[in-house]
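Reader: I should like to go through the charged groups and the solvent exposure of this model. May we begin with a single loop residue and then turn to the salt bridges?

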Amino acid sequence: MSPSPSVITLTANPSLDRTLALPRPLERGGVVRLGASSTEPGGKGVNVSRALAAAGTDVLSVLPAADDDPIVGALRTRGLALTTVPVSAPVRTNYTLAEPDGTTTKLNEPGMALDEDTREALAAALHRHAAGARWVVLSGSLPPGTPLDWYATLVVSLRDTGARIAVDTSEAPLQALLATGPAAAPDLLKPNAEELAQLAGVPEADVLADPDVALTAVRTLHERGVAQVLLTLGADGAVLSTAEGLWSAAPPPVAVRSTVGAGDCSLAGYLLADLAGAAPAERLRNSVAYGAASASLPGSAVPTPAQVDGAAVRVTAGFAGTSSTHTVPAAGRSVR
């Protein structure tokens with residue numbers, strides 16, 4: 001029997017991500033002659049898997065898709081290990097309109113509804129492969145009609161596998177996850193500023209402008225049972241809060257080409273560092289370095305370790321913008 005992969009990802013609502021390059025800012029009602037376009041297999045869990053695989057990590061993607069679906073062929077061509085549960089409809093297509101200055105506009109299809117049998121088959125596949133894995137990642141939106149507390153149900157069901165669980169979702173599924181109680185709290189939660197604001201019931205602008213508001217919201221997540229909170233802040237970097245302490249990180253300046261998948265690559269960078277046994281500050285450094293590298297690439301491309309520069313990320317102990325911070329020296333270029 002072959003050993004379990006280090007990481008298992010679930011993408012319940014996968015997609016083909018079609019990036020359309022605009023030659024100038026979008027003008028509604030006009031005619032646009034597109035530049036180079038690309039299509040990548042996507043969905044948040046798939047993006048995490050692609051970034052981990054590019055770094056040589058043994059990762060398995062679990063997703064609903066027919067064996068002849070284009071996303072399955074695309075992932076196999078890229079050498080990714082898959083477990084699929086067959087469905088009758090093709091995977092959705094998401095469109096990204098990419099402007100020359102890095103502005104992206106997302107047009108996401110809803111995806112197909114999954115019946116109860118399909119959801120049970122996905123849960124069974126996830127549980128079967130999670131035994132012996134170090135991390136299980138539940139990422140992205142839920143398909144139409146899926147119970148909003150499905151991620152919470154999965155977290156509870158995966159506890160006996162021994163794998164740690166990371167969740168990256170938003171809106172109602174995120175609210176339901178935290179409302180279920182400590183039994184459904186993941187080991188790692190990766191909200192962005194908008195999602196943290198939703199959980200805290202405050203405007204997103206307050207989270208971005210006032211460290212005290214953000215810290216209060218993060219502490220609330222710990223009180224609900226979440227062990228590690230990785231708060232991603234886009235161009236402002238990220239914050240990591242664990243029982244060991246609090247750290248902030250600022251990314252290096254990059255020419256942004258596309259932000260699609262940057263958060264997923266941030267999560268992949270964090271997991272890579274954790275798998276390598278890195279300390280919390282270095283996990284955060286690698287996370288921000290991966291997110292920045294992703295943003296510098298076109299479409300939904302994921303970086304290789306050679307494109308990631310951890311030494312260029314500035315990490316401080318504490319929350320940036322407060323008085324009780326100090327710089328944490330870089331331990332190396334990146335964690336692979």
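Reader: Is Ala-89 buried, partly exposed or exposed?

Author: The model is a predicted one. Ala-89 has a relative accessible area of 25%. Buried would require under 20% and exposed over 50%, so Ala-89 is partly exposed.

Reader: Where does Ala-89 lie, and with which residues is Ala-89 in contact beyond its neighbours within four places in sequence?

Author: Ala-89 is placed in the loop between strand 5 (81-85) and strand 6 (92-98). Once the neighbours within four places in sequence are left aside, the contacts of Ala-89 are Asp-69 and Met-112.

Reader: How many salt bridges does the structure hold, and which residue forms one with Glu-40?

Author: The structure holds 10 salt bridges. In the one formed by Glu-40, the closest N and O atoms are 3.3 Å apart. Glu-40 belongs to strand 3 (residues 37-42) and its partner to helix 1 (residues 44-54), 10 residues apart. Both residues are buried, and the partner is Arg-50.

Reader: Which of Arg-76 and Asp-67 is exposed, and which partly exposed?

Author: The side chains of these two residues meet in a salt bridge at 3.0 Å, N to O. Arg-76 has a relative accessible area of 44%, which makes it partly exposed. Asp-67 reaches 51%. Exposed means over 50%, so the exposed residue is Asp-67.

Reader: How many residues apart in sequence are the parts that Arg-159 and Asp-187 tie together?

Author: The side chains of Arg-159 and Asp-187 meet in a salt bridge of 3.4 Å, N to O. Arg-159 lies in the loop between helix 4 (150-158) and strand 9 (164-168), and Asp-187 in the loop between helix 5 (171-179) and strand 10 (188-189), so the pair ties together parts whose separation in sequence is 28 residues.

Reader: Is Asp-187 buried or exposed?

Author: Arg-159 is partly exposed at 35% relative accessible area. For Asp-187 the value is 19%. Buried means under 20%, so Asp-187 is buried.

Reader: Which residues are joined into one network by salt bridges that share partners?

Author: Shared partners link several salt bridges into one network. The residues joined in this way are Lys-44, Asp-168, Lys-190 and Asp-264.

Reader: Which residues gather in a patch of negative charge on the surface?

Author: One member of the patch, Glu-120, lies in helix 3 (residues 116-130). Glu-120 counts as partly exposed because its relative accessibility is 46%. The residues that gather there are Asp-115, Glu-116, Asp-117 and Glu-120.

Technical notes:
Residues numbered from 1 in each chain as written. Predicted model: local features only at pLDDT ≥ 70, side-chain atom pairs only at ≥ 80, totals over all residues. Heavy atoms only, no water. Patch = residues over 30% accessible without salt bridge, like charges linked within 9 Å, V, L, I, M, F, W, Y side chains within 5 Å. Areas by Shrake-Rupley, 256 points an atom, 1.4 Å probe, with all protein chains shown as cover. Salt bridge = Lys/Arg side-chain N within 4 Å of Asp/Glu carboxyl O. Lys, Arg positive; Asp, Glu negative; His and termini not counted. Charge placed at Lys NZ, Arg CZ, Asp CG, Glu CD. Helix = DSSP H or I, 4+ residues; strand = E, 2+ residues; numbered from the N terminus. Buried < 20%, exposed > 50% of the residue type's maximum accessible area, 1.4 Å probe, protein only. Contact = heavy atoms within 4.5 Å.
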